[in-house]
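Here is a set of short exercises to work through with the model open beside you. Try each task yourself before reading its solution.

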Amino acid sequence: MAYSPHTEADHQRMLAAIGAGSIEDLFADIPPAVRATQFAMPAPLTEQEVRAELSRLAGRNRIPSVSFLGAGAYRHLVPAVVMEVIGRSEFATSYTPYQPEVSQGTLQSIYEFQSVICELTGMEVASASHYDGATATAEAALMACRLTRRDRIAISAAVNPQVRRVLATYCSGPGIELVDVPADLADGGSGLTTVAVAERLLDEGIACLVAQQPNFFGGIEPMRELADAAHAVGAQLVALVEPTSLALLEAPGAYGADIVAAEGQPLGIPLEFGGPYVGLMAARMESVRQMPGRLVGATRDGQGRKGYVLTLQAREQHIRREKAASNICTNQALCALAATAYLSAVGPAGLREVAERSMVQARHLASALEAAGLGTRRFDAAYFAEVSIRVPDAARRHAALVERGIVAGFLLEQDYPELADTLLLAATELTTDDDVASLVDALRDEP
């Protein structure tokens, strides 16, 4: 930066106070290969030249013609009204609406978001401003630690590996122990969290059990049994859910989940190369004072008019500092508004149709591959809209299909070495019969 108020002597005093030898030592955890270096800025260009250069760079993007990739982010139809609503300039801000007198529109949109998330999950209270599903899950697990005053977290091996890595990062600072609960990944097994093993691993030192529904492999977990196992030792169940599936599957509030987290991307947010997305979180009202994120409440002003305000702010970092329930600062309201607009546009019947169509196409996909003799289901449990298919020489064929503009799902061996030659294939309401036929033909051409 052009100006810094700190002198070299100031730097040395601060480094000495924290026990660091140099400023470079502060970045020791970042691999040298990805650290920022000197920027080699090109010479100035005219506007016409910049447009030409950006067009050239954009032309390098490889957009697949057919994709069955899911694994946590899904391709859904986004109604035009969603982009129309979030495109309004009044909502284009990350400012947290601490001043209700000038933020009624933003506050009402967050209130409506919280309301639809409670309705979707069957929970009593929802918060906003979570960055994505992975961080929302980590925040939910830490919330359970505060509620139970315990410092160990059990998490199923069938939870998305990226979520598990984020949770491990969150737990590394405060020294919270993670306990892995295995899933039945044997060939022809269920692909689900093993309840009997979970019951053996859970004890009175465990704050919560984190389980995913549907799980990473697409399977439908026995969530009620997992909730009972957690509650038997005084622990909580943190349910990581896929939001569109809730139009068909049992709501977390009904099977005993204490805290619910989700990735909100399927609700009206395009894939966009990995973000921005929005995290969802809901819980029981008795836990509200330990919830991270923004909470908006409805009230009335001195003249009796309905209004909206941030409430229970004593949980937040600008008041409680290091004792805060979380340190979420940026307001993720624009993506939350997109989810609200999406759910309002499609309605309960439309969301159910999306879920049903996704589920039907996943079964069409699995049966087409099996009928062609190209693959078989790896697991035998019921599944939602993602299915694990055993395909011979999967890694080579997956790479070959990418060159043809077809993404044949996710290679599970990247995160589960024991699941070699297994593709995780996702279907949504946008998956057509022609897409399925293209995959079948392409795999047949790549023996």
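Let's start with a helix and the strands beneath your cursor.

**Exercise 1. Which strands does helix H4 lie across, and at about what angle does H4 run to E2?**

Solution. Step 1: find helix H4, which spans residues 104-121. Step 2: look for the strands that H4 lies across, and you will meet E2, E7 and strand E8 (279-283). Step 3: compare directions; H4 runs at about 125° to E2. Keep in mind throughout that this is a predicted model.

**Exercise 2. In what order do the strands of the open sheet follow one another, and which are the edge strands?**

Solution. Step 1: trace the open sheet from one side to the other; its 7 strands come in the order E2-E8-E7-E6-E5-E3-E4. Step 2: pick out the edges, strand E2 (125-130) and strand E4 (177-181), each of which pairs on one side only. Step 3: follow the twist, which averages 20° from one strand to the next. Step 4: note the pairing of the sheet as a whole, which is mixed.

**Exercise 3. In which sense do strands E6 and E7 pair, and which residue is the bridge partner of Val238?**

Solution. Step 1: locate strand E6 at residues 236-241 and strand E7 at residues 259-263. Step 2: the two pair in the parallel sense, over 4 bridges. Step 3: start from Val238 and cross to E7, where its bridge partner is Ile259.

**Exercise 4. Which residues of strand E3 lie on each side, and how many are buried?**

Solution. Step 1: recall a general rule: in a regular strand the side chains alternate between the two faces of the sheet. Step 2: sort the residues of E3 by side; Arg152, Ala154 and Ser156 are on one side, with Ile153 and Ile155 on the other. Step 3: check how covered they are, using the cut-off that a buried residue has under 20% relative accessible area. In strand E3 (residues 152-156), 5 of its 5 residues are buried, and both faces of the strand are covered. Step 4: look at the pairing with E4, which runs parallel to E3 and is joined to it by 5 bridges. Ala154, for instance, has Val179 in E4 as its bridge partner.

**Exercise 5. Which residues touch the most other members of the largest nonpolar core?**

Solution. Step 1: the core has 61 residues, and those touching the most other members are Leu202, Leu209, Leu226, Leu237 and Leu267. Step 2: ask which element gives the most to this core; helix H11 (residues 333-371) does, with 12 residues. Step 3: zoom in on Leu226. Leaving aside neighbours within four places in sequence, Leu226 is in contact with Thr193, Val195, Ala198, Leu209, Ala211, Glu221 and Leu237. Step 4: look for another core apart from this one; it has 27 residues, including Ala134, Ala141, Cys145 and Ala207.

**Exercise 6. Are Ala71 and Asp421 buried or partly exposed?**

Solution. Step 1: place both residues. Ala71 is in the loop between strand E1 (66-67) and helix H3 (80-86), while Asp421 is in the loop between strand E14 (410-411) and strand E15 (422-426). Step 2: read their backbone angles; phi is near 55° for Ala71 and near 60° for Asp421. Each is a positive value in a residue other than glycine. Step 3: apply the cut-offs, with buried under 20%, exposed over 50% and partly exposed in between. Ala71 has 14% relative accessibility, so it counts as buried. Asp421 has 30%, so it counts as partly exposed.

**Exercise 7. Where does Pro214 lie, and what is special to note about the peptide bond from Gln213?**

Solution. Step 1: Pro214 is in the loop between strand E5 (206-213) and helix H8 (223-232). Step 2: the peptide bond from Gln213 to Pro214 is cis, with omega near -10°.

**Exercise 8. Why is the protein chain called as compact as a globular protein of its length?**

Solution. Step 1: count the elements, 13 helices and 15 strands. Step 2: compare two values; the radius of gyration is 24 Å, close to the 22 Å that the globule rule gives for 447 residues, so the chain is as compact as a globular protein of that length. Step 3: add the burial, with buried residues making up 49% of the 447.

Key
Residues numbered from 1 in each chain as written. Predicted model: local features only at pLDDT ≥ 70, side-chain atom pairs only at ≥ 80, totals over all residues. Heavy atoms only, no water. Pairing = 2+ DSSP bridges. Axes fitted to C-alpha atoms, helices over the stretch in contact; angles between N-to-C directions. Contact = heavy atoms within 4.5 Å. Rg over C-alpha atoms; globule rule 2.2 N^0.38 Å. Buried < 20%, exposed > 50% of the residue type's maximum accessible area, 1.4 Å probe, protein only. Core = buried A, V, L, I, M, F, W, Y, C linked by side-chain atoms within 4.5 Å.
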